[in-house]
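Subject: Structure for you to look at

Hello,

Here is the structure I said I would pass on. Please open it alongside this email and follow the notes below.

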Amino acid sequence: MLLFAFNAMAQAKAFRAEVPRNTIAENEALQITFVIENMEDRNFSPPDFKGFNVVSGPMKGMSNMNINGVRSSSVTYVYLLQPQASGKLTIGAASIESGGKTVKSNTITITVNKAGTKPANSGGGGNNGGGNKGGGNNNGNGQDVNDYLNENLFIRLFVDKKEVYKGEQVTATYKLYRKVQVDQYSITQAPSFNGFWTVDIEEAKTIDFTVETFNGVQYYVAVVRKVALFPQRTGELEIDPMGLECTVVVPTGGWSYQRFQHKFSSGKAKIMVKPLPEANKPADFSGLVGELDMQVTLDKTNAKTDDPITLSIKFSGKGNLKFLENPTPELPNDFELFDPKTTEKSTLQGNVVGGSRQIDYLLIPRRAGTYKLPPIATSYFDLKKGTYVSLRSPEMVLAVEGESTVTQSVTSGINKEEVELLGQDIRYIETDDPDLTTQGSFVMPLPAFAMTFGAPVLLFFGLIALKRKRDKELGNTSLMKHRKAGKVAAKRLKQAEECMKANDKRGFYNELLKATWGYLSDKLGIPPSDMNKDAAISALRSRKVDEAQLAVLAAMLDTAEMALYAPSTINESLQQTYEKATRIIDQLENSLS
Amino acid sequence: MRKWLLHILLMLACVNARAEETVDLVGIYNTANEAFAAKNYPAAIEGYEQLLSIGKISPAVYFNLGNAYFRAGNMGMSILNYERALKMDPEHVDAAFNLKLANLRINDRVEPTSQFILISWYQSLVHGRSASGWGIWALSAIWLALAIGTVYIFSNKLVVRRLSFTLMALLVVSSLVLLLFAKVQYQYENNTQAAIITVTNTYVKAAPDQTSTDLFILREGTKVTLLETQDGWQKVSVGDNEGDKVGWVREDVLGLI
């Protein structure tokens, strides 16, 4: 199919300005075409279009023709204008240099009506269709339409980084490039960005073109969509392409132009997502990659019980703050902590997504005391440094005064006796003599106490010594003998017992008599030389010893003496005599001491 | 013998001198009691504290001061003074009762240590009398033993000698036991093993250092056992399971019992 049909006035030189009509509505665009026919085209300079905005243009079109042997050529410059206000407007003359002279075009007066007075009519003039159909041999510059459109209208996807950390921002920009006139855009394929968390930086509602050079060629360029992407997965991720469908308006010279539907796509991009380093990864890593600042404030540091206090944690920084988890302050259980109120704000610094988040916790102290609010800590991955950075708020001290209001619930381990006690009042003070003493006082100073305690022990031994001394001074040796008589007798009787066991009768009676006489002599204080049975009996009698005992003693002594000198006359056994002797000495020992 | 008499006379003189000094002190005490009766508790506290600052103590002063603090709403100091009164006079029933009430008013209650019955019986026996009391008993026993010993030495009668010897031996043994009690009680009275937290709350640290970790919070009125001291810090334990809750606090948050 051929495009550039034209209506030419053969061979006639002309330079004119054309408009499809001279009356338009205020909101309508006006297409003005400068046509140069059969003339040299140099230094085309458009008029200043006072009162209009140039929506697009100039678009240059050229055609050469040979009709019935007559060659003709035509050059067109097309502008699309938008009136700035209603009223009568004059478009000034354009000029070219041709054959060394400056040639000017005609001027055109346009009547601009108030908006809505006349429906917009983007259709061309009556000769539009004819131009199309009649152009069988109008072989413009020989370009295929699609190639032409692809070259002059396309969309490109740009990403600012090819390799990022998980969670790091990648900016994807879809840019539309055109050299042709387009009057309708529709997005046929919107990218879904799987694997990314997205923040739109720019999503054009109206497409504003600027002139930009791309591959050495000037284009009208508009950003269709700019989006910040935060990869959520590691590995190779694809950024989806964006598809567009446009209606392209191609002027066909004169008053006519033609419309084409053109579909095209930006193509996709691939980026490599690296995992964050595991080394030195803090336990409290918040998930934020970028930059972060934290400020923790208390609205007051002195409060009364039940008085609400606000603890604000404010994060600000670059990166995806949505990833941040709200830190929970660790408070003593004397505080009631309410769910936080979170306020978020997103900001853009250039193309970098950032923002702030403020988390306000409401605390209500229930008990008086001085409390420390433990530091709030979080950490993030700093892209500039390439390391994890930990943030830690300083410890804050909060003084709470007033009556505690949770006493009852705390003393839950209360028993029945204590419940009864709770209702009672304390017992009244003592008012009688306070009996004041000094701290740590003892009944007396410690050395004095030790002496007072030790004295009786010493005194006791002193008294014993005293008694012995007195006994000695009195020369009372008989007393000593008296005291020891029992023991000596016991010893002799032991020897007698041994003789008895050896059946030595003589020895036995001998020892028995020695024991008895010795005992009596010591006990009664009679010297052995003066000792005989009568003296002993009378001395014992004077000491009030029982007569029966005396008789037993006398009988025992007789038996023993008889046995010593006339052993055959004795009927008593040694055993009987021995028992008699020990018994009598025992009895005497008791009654004499 | 004469020396001992002299000693005893000197001691009696000392007691008399003390009695003369107390006249003014009793005046302070009575004024404080009057302030208490007039519900002027700060004045009462001031009066009792003045007595204590002079170095004059008694269970009654501690008890009354505990009451004044109780009325003034200072439970920590109230508990501290009841505890002090009970330490001096373990049989002070009113102090024990008021201490129970004060302990009900505080927030953190530590269950008292439950001990083996024989140990608690022994402790209540020894702490049931002051060191002076035990000392006087010990002295009485040993002097009585001497008196009976004299009988033993100078008597010639066997029955008397045997009886007196047995009695003397018993008295000597019991005087030694009483002396031991006096010693234990003396150490208890003159050493501080426990304290009360007197500030509204305090953080217990893991080490005697302001920057060390906070372990837990102790509140006003809590009784702690003292373990060791270091540079103005005191290692304390709370509750019955030893080693369960142990940490360091600044000495100035404690009132020593």
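The buried residues of helix α8 of chain B are covered by, among others, α5 (446-473) of chain A and by α6 (117-126) and α7 (131-154) of chain B. Bear in mind that this is a predicted model. Which residues of α8(B) are buried? They are Ser164(B), Met168(B), Leu171(B), Ser175(B), Leu178(B), Leu179(B), Phe181(B), Ala182(B) and Gln185(B). In general, an α-helix has 3.6 residues a turn, so residues three or four places apart point the same way.

The length of α8(B) can be checked as well. The helix runs over residues 158-190, and its 33 residues at 1.5 Å each should span 48 Å; the C-alpha atoms at its ends are 47 Å apart, which agrees.

Next, the contact between the two chains. Chain A puts 41 residues into it and chain B puts in 52. On the side of chain A that touches chain B, at least two residues come from each of β28 (369-373), α3 (407-410), α4 (416-422), β32 (437-438) and α5. Which of the elements gives the most to that side of chain A? It is α5(A), with 11 residues. Sorted by class, the side of chain A that touches chain B holds 21 nonpolar, 13 polar and 7 charged residues.

Now two pairs of packed helices, one in each chain. Two packed helices are described by the angle between their axes and the distance between the axes.

In chain B, helix α4 (residues 75-88) packs against helix α5 (residues 93-105) at an angle of about 155°, and their axes are 9 Å apart. Because angles over 145 degrees count as roughly antiparallel, α4(B) is roughly antiparallel to α5(B). The crossing of α4(B) past α5(B) is left-handed. From α4(B), the residues that meet the other helix are Met75(B), Ser78(B), Ile79(B), Tyr82(B), Glu83(B), Ala85(B) and Leu86(B). Opposite them in α5(B) are Ala95(B), Ala96(B), Asn98(B), Leu99(B), Ala102(B), Asn103(B) and Arg105(B). This contact of α4(B) with α5(B) consists of 9 nonpolar, 3 polar and 2 charged residues.

In chain A, helix α7 (residues 505-524) and helix α10 (residues 574-592) have axes that come within 11 Å and cross at roughly 10°. Because angles under 35 degrees count as roughly parallel, α7(A) is roughly parallel to α10(A). The contact uses Lys505(A), Phe508(A), Leu512(A), Thr516(A), Tyr519(A) and Lys523(A) from α7(A). From α10(A) come Leu574(A), Thr577(A), Tyr578(A), Ala581(A), Ile585(A), Leu588(A) and Leu592(A). By class, the contact of α7(A) with α10(A) has 9 nonpolar, 2 polar and 2 charged residues.

One residue to find for yourself is Asn351(A), in the loop between β26 (341-349) and β27 (352-365) of chain A. Is Asn351(A) buried or partly exposed? It has 14 other C-beta atoms within 10 Å, so Asn351(A) is partly exposed. Apart from neighbours within four places in sequence, Asn351(A) is in contact with Thr171(A), Ile201(A) and Ala228(A). Asn351(A) and Ile201(A) are 150 residues apart along the chain, yet their C-alpha atoms are separated by 7.0 Å.

Last, the totals for each chain:

- Chain A has 10 helices and 32 strands, and 30% of its 593 residues are buried.
- Chain B has 8 helices and 8 strands, and 37% of its 257 residues are buried.
- Of the contacts in chain A with a separation of 6 or more, 73% join residues 24 or more positions apart; in chain B the corresponding figure is 55%.

Regards

Notes: Residues are numbered from 1 along each chain as its sequence is written. Chains are lettered from A and ligands numbered from 1 in the order in which they are written. This is a predicted model: local features need pLDDT of at least 70, side-chain atom pairs count only at pLDDT 80 or more; totals for chains, interfaces and linings use all residues. Axes are lines fitted to C-alpha atoms, for helices over the stretch in contact, and angles run from 0 to 180 degrees between N-to-C directions. Helices (H or I, at least four residues) and strands (E, at least two) are DSSP runs, numbered from the N terminus. Angles under 35 degrees count as roughly parallel, over 145 as roughly antiparallel, 65 to 115 as roughly perpendicular and the rest as oblique. A crossing is left-handed if the near helix is turned anticlockwise from the far one by less than a right angle, and right-handed if clockwise. Two residues are in contact if their C-beta atoms, placed from the backbone, lie within 7 Å. Ala, Val, Leu, Ile, Met, Phe, Trp, Tyr, Cys and Pro count as nonpolar, Asp, Glu, Lys and Arg as charged, and the others, Gly among them, as polar. The expected span of a helix is 1.5 Å times one less than its number of residues. A residue is buried if 20 or more other C-beta atoms lie within 10 Å of its own, exposed if 12 or fewer, and partly exposed in between; C-beta atoms are placed from the backbone.
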